[in-house]
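Colleague: I have a model open beside its sequence, and I would like to learn how to read it with care. Could you take me through it feature by feature?

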Amino acid sequence: MLRHSVAAAALIGTALFTGAAFAQSGKVTVVTSFSKDVTDPFKQAFEKANPGLTLDVQNRNTNAGVKFVEETKANNQVDVFWASAPDAFEVLKGKGLLQKYKPKAEGIPEKIGSYPINDPENFYSGFAASGYGIMWNDRYAKANKLPEPKDWQDLAKPVYFDHVAMAAPSRSGTTHLTIETVLQGEGWDQGWRTLKEMSGNFRQITERSFGVPEAVNSGQVGFGIVIDFFAFSSQASGFPVKFVYPTVTTIVPANVAVIANAPNKAGAEAFLDYLVSPAGQEVLLEPSIRRLPVNPAVYAKAPAEYPNPFKDSSLGARVKFDVNVSEKRTNAVDVLYDQTVTFQLETLKAATKAIHDAEAAIAKKDNADAKALVKEARDLVAAMPVNEQQASSPEIAGAFTGGKEKGARQAELEQQWAAFAKERYQQAQAKAEQALKLAR
Amino acid sequence: MAGATTAGRTHAPSASSKYFKKLSAKPGQIALALGIAVFLILFLVVPVGTVIYVAFTEKGTGEFTLVNFLDFAQTDLFIRSFWNSFYVSAMSVVVASVFALPLAYITTRFEFRGAMLIQTLGFLPLIMPPFVGAVAMLLLFGRNGTVNLFLDDWFGFKIPFMEGLNGVIFVQAVHYFPFILINLSAALRNIDRAMEEAAQNLGSSGFRLFRRIVFPLAMPGYIAGASLVFVKVFDDLATPLLLNVKDMLAPQAYLRVTSIGIADPMGYVISVVLICMSILAMWISAQAMRGKDYATVQRGGGGLAKRQMRPWESAIAYGAVLLILLLVLAPHIGLLLLSFATIWSFSPLPDAYTLAHYSRVFGESFVYVKNTMVYASIAGVIDVVLGTAIAYLVLRTKLIGREWLDWAATAALAIPGVVLGIGYLRTFYGVQLPDGTPLAALWIMIVLALAIRRLPYALRACYAALQQISVSLEEAAENLGATKVRTVRRIMLPLMAGGILAGFVTSFATAAVELSATLMLVQSNADAPLAYGLYVFMQSPAGRGPGAALGVIAVLLVALCTFASHLIIEKSQKAKAAGH
């Protein structure tokens, strides 16, 4: 046994030595949530354009990446943070972990759709854009004889019951933006009504953004609410999937930023410059990446059917997205969705199914009482425990900041909201079942 | 039998062992216990403590409080999650036993061609590469998987294999039954043939012999495996999340700990609950074994007598074994198909086959394979060394507080990998090496995290192995003048060899595909293990095939190592049988 521990100690000793040997100049360390299919082409192109610099890509999901940068700030070894979700950059910026830098680039407009491309204070910059939409598996849709959806509201129709998937907004920055877009576009009450009617049809609410395209690609779920490049790159890899942008969609930039106290600041800035240069923007057009460049001139080199938000005014132009409104209630919206939908999905689905059944019966045999009951049931499902003002109030926001301020604890609020939703879903189900009896 | 210990025989009675003798064994044991305690405190208790202390602090003031635990008890979701986790874990043990018992019994008790191959194959489910394993499983058993598409086509119905809690039980049982298989097989091999013969002489045979003599004697192995399955399922977050079951405890902890902007203590409260439940389960299993003596003195027999089967018996046996193997290996068959598939979408089988995925990963997989082998084997060695030492201290000494070593090591099972990862970053990132690189950036930290996370597996195996050895053998050695150290090395370790090897293989194999802590600690591609490479691929539609190919490589790699160690066990068994 002693011998073994000596051997282990020796191993650890040599490990310390060999591990310390790497530390070369000209290395740019990038923490990113992007997959190899995205990072590899950029790495190759960047290293070719900047001889002497090498790109070291550390792949982490967005949340883990943010935690990593935060935990290691005392002795930071990371130069660049590179990810989709703008709110992750807001978190990093808020914690003082980013460094101001405005990439040298020409011809990049202020806004894409209605969303500003760069952080107004230049802490982070957009390098590509993406919009949310509906992706579906064509074989699945044909086998189940399901129509092609065009808009968010279509997904609330009874035919799609149990056929739709989405990532939880608390887990996916881009889904969060979609939810927020609907809430801002339709108003708080109507927005939640739409969201819950749609969510009542969900088969799953995944905890990873990529879980949705994966489920649609493999045909386990028919329809998914996804960010466009997941659909485009799935098509490029040959999966039988289709995609549509609904009328209400935001086009949001994917971003890149220099980390505060970056060990290789010059290299980091060179990488940012490259990403927004025409050469870097063209890399986005590769089939495995397929994101929308932020430089309008680059679209001239894109394939014919490539969506162009600078020309196609339907993309993202209809919504006015207010970042300030969104920021104040980020946590509240996420937790509200989780507590009233994600963790109550079964009860919500039971109520939704009962309402669908009752409405189908009423369509065949009209009955005023039954109609009134169904309306009550729908209102019960749509009810929210807090209104718009409360959601962005400092009291509620304070509950989600952990140990900093006194006040309501997150767990207390969550239990209240969950109980509120569950009770109403059960009442709604009972009313809809009653309506079904009347209309029969 | 002595053939198993080869190293160091020549210079055994050296000056150092005399020195130990003079001091009597006690100080040595204390030093050993202290050493292990320091290791566990440094690499487990402190890093985890820096993260989960939040569970005990009051919001706003940061003072000590238990109000968060009251919140836990008052939240419907958590209570529901708690009972769901409990139910799923208990049922998984039952289903896993159904898979494991026949395999273990048939392969150790009968002359069965391919027993070693079956032991190896039966071990494979434990090596389920992250992400791809689940995708493969869904493609086969999912709502629109191969099986259900066929069923729907032919009979017009579908079986919800993968839905809700039952889906979790099914997948967990398939995934973790090797824990029972491997520990039970090791225990069965260790049973003294004389016991069985005595029972036969007294007229017992068949199922009665198994129920009254063989199974009770193998109990330590079964309990070791079953308690591991229970705790592991209770603490596992990957499978429920992949099946989109969120109302279980471990997924709840994970979802809270990893969400941005939600800095509330509940995630850590749940972690504390998980840790307590794991320790409780281990304590209960220790109590169940208490007051019973499973040790046998005679160890020369080479395990149970293997007998020939009659033709109809062997037909049934082969049928049962094949059926179980087909079921539990389905995910790997799916994985293999996936790695050769061009497109596999809403169809029973892939559209076409290609070798392109392998050629894509071939170049870059070498560094991943090398890292994985290095990390997993060092972690495995650390684990069996610690596991043997802890088992020895708990079972053979009267040191006060020795159980705490066991419980602390076991608690590692309940700590979400991401919590351990963050803890390591917090504790070791500030520590700098002379050239300015942080300590946490070294790959050895990944190894230590893996070793800590897999220590409970090796510990249980070593513990069970030691339980089966009679103290009187050691006493005899000491009476003959052997020192404690010499007794341990020449008597105990050889007798425990099978169990230790089982522990090593389990730790090694599961460390080879671990991801959650690794993902936090990997600092550069050159230091990344296979599981990380796989993760990087599995984030894009085009990466599914290459990811599956890497998964197949990982599984093959670990399978080869497992097969090799089974060969070693078998050889040493034969040597034992021949030597006496």
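**Confidence, fold and a strand**

Modeller: Since this is a predicted model, let us begin with confidence: among the elements of chain B, helix α4 (residues 76-109) of chain B has the highest mean pLDDT, 92, whereas helix α1 (residues 15-22) of chain B has the lowest, 40. Over residues 1-24 of chain B the pLDDT is below 50, although this stretch has 27 contacts in the model beyond near neighbours in sequence.

Colleague: How should I treat a stretch of that kind, and what is the average pLDDT of chain B?

Modeller: Where pLDDT is low, the predicted coordinates should not be read in detail. Chain B averages a pLDDT of 82, with 91% of the residues scoring at least 70, and for the complex the predictor gives an ipTM of 0.81 and a pTM of 0.83.

Colleague: How many helices and strands does chain B have, and why is chain B described as being as compact as a globular protein of that length?

Modeller: The secondary structure of chain B comes to 24 helices and 0 strands. Its radius of gyration is 24 Å, close to the 25 Å that the globule rule gives for 580 residues, and chain B is therefore as compact as a globular protein of that length. Of these 580 residues, 56% count as buried, and among contacts in chain B between residues at least 6 apart in sequence, 81% join residues at least 24 apart.

Colleague: Turning to a single residue, why does Ile179(A) count as buried, and which residues does Ile179(A) touch, leaving aside those up to four places away in sequence?

Modeller: Burial is judged by counting neighbours, the cut-off being 20 or more other C-beta atoms within 10 Å. Ile179(A) counts as buried because it has 25 C-beta neighbours inside 10 Å. This residue lies in helix α6 (residues 173-186) of chain A, and, not counting residues up to four places away in sequence, it touches Pro169(A), Leu195(A), Val333(A) and Tyr337(A). The C-alpha atoms of Ile179(A) and Asp334(A) are separated by 9.0 Å, though the two are 155 residues apart along the chain.

Colleague: And how do I read a strand, for instance which way the residues of strand β3 (residues 80-83) of chain A point?

Modeller: Look at its two faces and then at its partners: Val80(A) and Trp82(A) point one way from β3(A), Phe81(A) and Ala83(A) point the other way, and all are buried. With strand β1 (residues 27-32) of chain A, β3(A) pairs in the parallel sense over 3 bridges, Val80(A) being the bridge partner of Val30(A). With strand β12 (residues 251-259) of chain A, β3(A) pairs in the antiparallel sense over 4 bridges, and there the bridge partner of Phe81(A) is Ala257(A).

Key: Residues are numbered from 1 along each chain as its sequence is written. Chains are lettered from A and ligands numbered from 1 in the order in which they are written. This is a predicted model: local features need pLDDT of at least 70, side-chain atom pairs count only at pLDDT 80 or more; totals for chains, interfaces and linings use all residues. pLDDT is the predictor's confidence in each residue, from 0 to 100. Two residues are in contact if their C-beta atoms, placed from the backbone, lie within 7 Å. The radius of gyration is taken over C-alpha atoms; the globule rule is 2.2 Å times the number of residues to the power 0.38. A residue is buried if 20 or more other C-beta atoms lie within 10 Å of its own, exposed if 12 or fewer, and partly exposed in between; C-beta atoms are placed from the backbone. Two strands pair if DSSP finds at least two bridges between them.
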